[in-house]
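Colleague: I should like to learn how to read the strands, the enclosed spaces and the ligand surroundings of a model. May we take them in turn?

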Amino acid sequence: MGQTHLMFVFFAVFMRSQFCTAQDKEPFNFNFFQNDYHIDTERIELVRYDKNYLKRYEFRTFKYNRTCTAFNITFCYVMDHFDMKKLEIVAQAYKFASNEYRLFPARFGFNFCDAIQKNMFGMEDFRNCGNFTRCSVEKGKTYHVCNWKINESKFPPLIPTGRYMIEFTHSYLSHEVVVIRGYGGVVRPFA
Ligand SMILES: *[C@@H]1O[C@H](CO)[C@@H](O)[C@H](O)[C@H]1NC(C)=O
Ligand SMILES: *[C@@H]1O[C@H](CO)[C@@H](O)[C@H](O)[C@H]1NC(C)=O
Ligand SMILES: *[C@@H]1O[C@H](CO)[C@@H](O)[C@H](O)[C@H]1NC(C)=O
Ligand SMILES: *[C@@H]1O[C@H](CO)[C@@H](O)[C@H](O)[C@H]1NC(C)=O
């Protein structure tokens with residue numbers, strides 16, 4: 001029981017999500033809610049981006065106050081006829097063990113604009129500060145999202161305690177556009 005059982009459930013949930021999006025075309029419910037762990041936010045880093053699509057993509061991580069970490073995000077798309085509604089993301093989790101991040105059996109795909117609409121990870125709050133207020137961009141214009149904080153209640157349930165890295169690969173019509181990595185811990189202080 002315990003950890004092993006949780007891992008299994010977690011794995012099953014995500015395998016299901018992957019099959020549903022890849023095969024059935026049946027929308028999986030990504031309207032996550034959890035209240036059994038806290039997230040210790042570390043940072044988000046940019047790994048690479050395609051300069052044919054983006055001129056700029058920056059994440060700044062800072063302490064918003066004593067207890068809360070926030071991000072400022074700046075980006076500028078330069079692709080002709082870029083339709084943000086077609087931006088798809090695959091998230092792959094890695095768990096820290098024996099001094100390195102190792103592939104963890106959690107992988108799922110979602111549409112960027114859907115994720116904002118469903119408030120996954122708290123993404124709905126993108127519009128609260130800055131000028132990225134709708135899920136669309138104009139070519140060559142710079143957009144800012146400021147003071148964004150993740151909403152831990154909008155993360156998937158049943159994730160085992162530990163340190164994680166999640167790699168988010170964004171693609172547009174099957175072409176890789178940008179890859180970012182988020183680092184943080186799943187903490188259950190009183191478990
Ligand atoms: C830090 O900011 C968050 C988000 O606004 C707020 O919920 C929290 O109470 C603040 N914490 C402190 C110690 O001010
Ligand atoms: C968003 O704000 C920044 C700086 O405040 C500005 O440079 C940029 O042009 C704005 N973008 C749009 C689409 O209005
Ligand atoms: C984040 O963005 C806000 C609004 O533009 C700005 O006031 C603040 O200084 C920025 N914080 C950092 C750490 O860059
Ligand atoms: C997180 O999301 C939940 C559910 O949408 C909402 O009730 C809550 O106010 C949000 N928390 C923060 C800190 O924004």
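Colleague: Which residue in β8 is the bridge partner of Arg43?

Modeller: In this predicted model, Arg43 has Tyr183 of β8 as its bridge partner. That pair belongs to a longer contact: β1 and β8 run antiparallel and are joined by 10 bridges.

Colleague: How many bridges join β7 to β8?

Modeller: Strand β7, residues 162-172, is joined to β8 by 11 bridges, and the two run antiparallel. One place to inspect is Tyr164, whose bridge partner in β8 is Gly184. The hairpin of β7 and β8 has 2 residues between the strands, and Leu173 in this hairpin takes a positive phi near 50°.

Colleague: How should I place these strands in a sheet, and what is their order?

Modeller: Pairing is read as a chain of partners: two strands pair if at least two bridges are found between them. Here 5 strands form an open sheet in the order β1-β8-β7-β4-β5, with antiparallel pairing. The edges are taken by β1 and β5 (100-111); each has a single partner strand, so one side of each is left without a neighbour in the sheet. Neighbouring strands of this sheet are turned against each other by 20° on average, direction ignored.

Colleague: Over how many bridges do β4 and β5 pair?

Modeller: Strand β4, residues 87-97, pairs with β5 over 9 bridges in the antiparallel sense. To find the register, look at Ile89, which stands opposite Phe110 in β5.

Colleague: What is the order of strands in the open sheet of 3 strands?

Modeller: The order is β2-β3-β6, and the pairing is antiparallel. Its edge strands are β2 (54-63) and β6 (142-148), each of which pairs on one side only. On average, neighbouring strands of this sheet are turned by 10° against each other, direction ignored.

Colleague: How are β2 and β3 connected, and through how many residues?

Modeller: A hairpin of 5 residues joins β2 to β3. Between these antiparallel strands there are 9 bridges, and Phe59 has Ile73 in β3 as its bridge partner. On the way to the other edge, strand β3 (residues 69-77) is joined to β6 by 5 bridges, again in antiparallel fashion. Phe75 is matched there with Tyr143 of β6.

Colleague: Let us turn to empty space. How many cavities of 30 Å³ or more are counted?

Modeller: The general idea is that rolling a probe the size of a water molecule over the atoms shows where empty space is left. A cavity is a space where the probe fits but cannot get out, whereas a pocket is open. In this model the count comes to 1 cavity of 30 Å³ or more. The largest cavity holds about 690 Å³ of space.

Colleague: Which residues lie nearest the centre of the largest cavity?

Modeller: They are Ile44, Phe121, Phe155, Phe168 and Gly182, out of 43 residues that line the cavity. Strand β8, residues 175-187, gives the most to this lining, with 7 residues. By class, the lining has 35 nonpolar, 6 polar and 2 charged residues.

Colleague: What is the volume of the second largest pocket, and which strand gives the most to its lining?

Modeller: The second largest pocket has a volume of about 160 Å³. Strand β1, residues 38-49, gives the most to its lining, with 3 residues. The lining is made up of Ile39, Asp40, Thr41, Lys63, Thr67, Cys68, Thr69, Lys149, Ile150 and Glu152. These divide into 3 nonpolar, 3 polar and 4 charged residues.

Colleague: Which residues are around ligand 1?

Modeller: Tyr64, Asn65, Thr67, Cys68 and Lys149 are the residues around ligand 1. Thr67, Cys68 and Lys149 also appear in the lining of the second largest pocket. For polar contacts, one looks for N or O atoms within 3.5 Å of each other. A polar side-chain atom of Asn65 lies 2.3 Å from an oxygen atom of ligand 1, and a side-chain N or O atom of Thr67 is 3.3 Å from a nitrogen atom of ligand 1.

Colleague: Which residues are around ligand 2?

Modeller: They are Asn131, Lys141, Thr142, Tyr143 and His144. A side-chain N or O atom of Asn131 is 2.3 Å from an oxygen atom of ligand 2. Thr142 takes part through its backbone, an N or O atom of which lies 2.8 Å from a nitrogen atom of ligand 2. Tyr143 also serves in the sheet, as the bridge partner of Phe75.

Conventions: Residues are numbered from 1 along each chain as its sequence is written. Chains are lettered from A and ligands numbered from 1 in the order in which they are written. This is a predicted model: local features need pLDDT of at least 70, side-chain atom pairs count only at pLDDT 80 or more; totals for chains, interfaces and linings use all residues. Side-chain values use heavy atoms; hydrogens and water are left out. On a 1 Å grid over the protein atoms alone, a cavity is a set of points where a 1.4 Å probe fits but cannot get out, and a pocket is an open set with protein on both sides within 12 Å along at least five of seven lines; lining residues have an atom within 4 Å of a point. Grid points are joined across faces, edges and corners, and a volume is the space filled by probe spheres set on the points. Helices (H or I, at least four residues) and strands (E, at least two) are DSSP runs, numbered from the N terminus. Ala, Val, Leu, Ile, Met, Phe, Trp, Tyr, Cys and Pro count as nonpolar, Asp, Glu, Lys and Arg as charged, and the others, Gly among them, as polar. Axes are lines fitted to C-alpha atoms, for helices over the stretch in contact, and angles run from 0 to 180 degrees between N-to-C directions. A residue is near a molecule or strand if one of its heavy atoms lies within 4 Å of it. A polar contact is a pair of N or O atoms within 3.5 Å; within protein, one must be able to donate a hydrogen and the other to accept it, and residues adjacent in sequence count only if both atoms are side-chain atoms.
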